[in-house]
Each structure stands twice: as C-alpha cells, then as structure tokens.
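Reader: Please take a close look at the largest pocket of this model. What lines the pocket, and which elements contribute?

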Amino acid sequence: MSQHTGLRMVQRNNELAVRSLEVHAPLRDPSLTPRSRSGTLPALTGLRFLAASHVVFFHYAAKTAGWNDLPDSLKTAISSGPTSVLLFFTLSGFILAYNYLGPSGALLDSLRHFWVARFARVYPMYLFAWLIYVPIGLFKYSGWTITVASLSSITLLQSWLPGSWPIKWNSPAWSLSVEALLYLLFPWIAAFIFRVAMSTAVTLGVLAWVTTIVFAISIHDWVFFPPLFIPSLVVGIVAARIFLSGLRMPSQCVWIWLALIVIGLVTKPLKPFLGFGMLTPLYALLIFSLAQGQQTFVGYVLGARMFTILGDASYSLYLLHGPIWDYALPAYNWLTVRSISNECRHPILFFLYLGLAVFTSIACLRLIEIPWRERIKRTSRP
C-alpha cells in the first residue's frame with residue numbers, strides 16, 4: 001500500500017468518525033444561527049455578579065475582624081455561599097438553551113462550534129488564573145501533592161478526584177471541572193428535554209433534583225463529583241423550554257422567589273442541604289422571572305449598566321478573588337505588622353480588597369477574556 005493511499009484511508013476514517021458523532025447528536029438547523037432571541041437578558045447578567053459576590057463573602061468574610069459580631073442569620077446566609085455555585089449551573093442551563101437551541105432542541109450551530117465557543121468563553125481566563133496561582137501553589141504544596149493538584153486543575157479534571165483534591169489549586173476552580181462536563185453533555189440533554197412532552201420534561205427535572213439531594217447527602221468524599229450537578233443544568237434547561245414556549249408568570253412573583261431564597265439562606269437547619277441543590281427550583285423560578293424583562297425594581301436594578309458590567313466581569317471575579325486575597329492580605333500584613341498572615345484585621349480592609357478584586361476582574365474582562373474569546377472563535381471558523 002502506498003503512503004498516499006494510507007493517508008487517504010486515515011482521512012476517510014476521520015470523516016466517518018465525525019459524521020457518526022453528528023448523526024447521534026442533535027442536528028443543526030441550517031436556517032438558524034446563534035443569536036439572542038429578543039435581545040440580551042441583562043438582569044440575568046447582573047444576577048451573576050450577586051452570585052459571584054456571595055462566593056467571595058463565603059470564602060473570606062469569616063477571616064475578617066468583626067465576623068463574630070454579625071447577626072447569626074447573616075452569618076448563616078454568608079456561610080451558604082456554595083449554593084450560589086449551583087445557581088451558576090442552573091443559569092448555564094437556561095442561558096445555553098436560550099442562546100443555542102432551536103424550537104425542536106436542535107443546536108443552532110454545529111457541535112464543534114458550540115464547544116469551541118464554550119472553550120473560548122471559559123479557558124483563557126481559567127488558564128490565566130491557573131498561572132497566577134502557581135507561586136501560591138509552590139508555597140503551599142510540594143512533591144506529589146503539587147503535581148496532582150496542578151495537573152488535575154489545568155486539565156479540568158480536579159473534581160473527579162475524591163476528598164479535598166478538587167479545591168487544593170485555586171479552590172473556586174473546581175466548578176469549572178463540573179462546567180466542562182455540563183458543556184459536553186448539554187447538546188444531548190437539551191435535545192431530549194425539548195423533544196419530550198412538556199409535562200415529561202418537568203417531571204424529569206423534579207425527579208433529577210430530588211434524586212440528587214437524596215444521593216448527595218449520603219456521601220462525604222465525593223461532594224464535588226461532577227455528575228452530581230447535572231440536575232442543576234437540567235432544571236435550567238427545563239425552565240428555558242417553558243420560557244421559550246411563551247408561558248409567563250406575573251412579574252411581581254420575583255419578590256416571592258427572592259423572599260423564599262432569603263428564608264432558605266438564613267435558616268440554619270437547612271444549611272447542610274443547600275450545597276446539594278435544595279434551592280435549585282427557586283433559583284430556576286427567579287431566573288425565569290428576571291428573564292421576562294425589567295418590569296420590576298429588582299429586574300431594573302440588576303439590568304442597569306453598572307450591574308451588567310459587573311456581571312460580565314463576574315467570571316474573572318470568581319476565578320481571581322482567591323489569588324488576589326492570597327497576594328494582597330499577606331503583603332499588607334507584612335508591611336504593617338511584619339506578618340504574612342492572610343487574616344483581614346479590619347472590615348474596611350475587606351471592602352478595599354473587594355474593590356481591588358472587582359477592578360482587577362473588569363480589567364481582565366477587557367484585556368484577557370474578550371480579546372482571547374474573539375480570537376479563538378475567529379480562528380476556529382473556516
């Protein structure tokens with residue numbers, strides 16, 4: 001067999017593999033292209049900033065002087081920060097379905113372009129945050145620990161490991177390991193949800209949510225296991241399907257969902273269950289209400305330009321708030337009291353840190369996220 005014949009056979013096999021994947025995937029609707037159906041959903045962008053800020057407070061408010069003086073209900077709400085990560089997963093399901101699916105659940109573009117768009121959205125900033133964390137990782141770990149932690153993190157595999165491995169390298173990054181799985185599965189899950197009867201889709205969403213809570217509270221070493229968070233994506237997709245069907249709820253319902261969420265956050269006995277998705281249905285209802293527009297005061301505020309800018313920068317804030325704390329607080333404490341502690345000795349200092357983190361995140365949005373996202377998407381097009 002000649003070399004050219006062998007090359008042609010390899011190319012032919014590759015083409016067949018790609019076609020096989022496309023046959024079993026939800027088909028692209030050639031008459032449509034990815035777009036925003038009726039403009040953007042600005043209130044949902046603003047909501048992302050609130051969720052990211054909740055995670056920041058969860059990680060570092062307790063390390064700030066004066067924490068013990070706060071009301072117990074406020075401390076309980078702040079300590080429930082992990083539930084805001086589940087809000088991100090539910091929001092992902094809703095936004096992806098809204099932007100990337102046609103009426104039948106078919107992708108509005110090819111699988112390849114969908115995944116490239118997702119990679120361009122998350123990985124450049126993720127890689128930058130990983131690099132920023134390298135000196136911190138070298139200071140904290142050595143030997144086998146730093147090898148496993150760094151390599152599993154850069155490959156987005158850390159959450160497939162048991163115990164505390166998922167949070168050793170820039171702890172918030174564990175959720176991107178989950179997002180990678182959700183992005184991979186989204187086209188098939190969404191296509192199924194959009195093609196079954198509406199009542200069936202809702203029933204599946206409820207069953208997935210209940211099953212995950214029952215299963216998750218029975219495990220200990222696998223609380224970051226990516227499949228546990230698929231139901232959050234499913235609930236978001238189901239909410240998007242209902243929304244795209246044209247069904248609407250009274251705009252003032254947003255206050256009901258907010259009140260119930262706040263009650264859940266401040267109720268101490270519920271705290272052990274919040275990280276496993278107890279509030280996910282309420283998050284979906286809140287997302288649904290905010291997606292309807294800015295008719296309410298809540299929607300108006302979250303959709304205001306300031307909040308949309310902060311929401312756009314929320315991904316950078318989520319990834320960078322840990323490294324910024326680990327650099328800024330020891331540096332400040334060394335200059336003032338000759339200590340490299342990362343404890344925050346005054347509440348004002350915490351809010352100065354928060355301002356620095358937000359400013360840095362907006363700068364990274366403009367200088368890293370947007371340019372690299374566009375560059376990758378542009379070079380991926382034929």
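Author: What follows describes the largest pocket and its lining. This is a predicted model, in which local features need pLDDT of at least 70, side-chain atom pairs count only at pLDDT 80 or more, and totals for chains, interfaces and linings use all residues. Residues are numbered from 1 along each chain as its sequence is written, and side-chain values use heavy atoms, with hydrogens and water left out.

The largest pocket holds about 1200 Å³ of space. A pocket here is an open set of points on a 1 Å grid over the protein atoms alone, where a 1.4 Å probe fits, with protein on both sides within 12 Å along at least five of seven lines; lining residues have an atom within 4 Å of a point. Its volume is the space filled by probe spheres set on the points, which are joined across faces, edges and corners.

The lining comprises 43 residues, and Arg 48, Ile 95, Asn 99, Arg 118 and Arg 121 are the closest to the pocket centre. Two or more lining residues come from each of α2 (42–60), α4 (82–100), α5 (111–140), α7 (174–195), α14 (305–312), α15 (314–337) and α16 (347–380). Helices are DSSP runs (H or I, at least four residues) numbered from the N terminus. The most is given by α4, with 10 residues.

By class, the lining has 21 nonpolar, 11 polar and 11 charged residues. Ala, Val, Leu, Ile, Met, Phe, Trp, Tyr, Cys and Pro count as nonpolar, Asp, Glu, Lys and Arg as charged, and the others, Gly among them, as polar.

Helix α15 also holds Trp 334. Trp 334 is partly exposed (between 20% and 50% relative accessible area, 1.4 Å probe, protein chains only), with a value of 43%.
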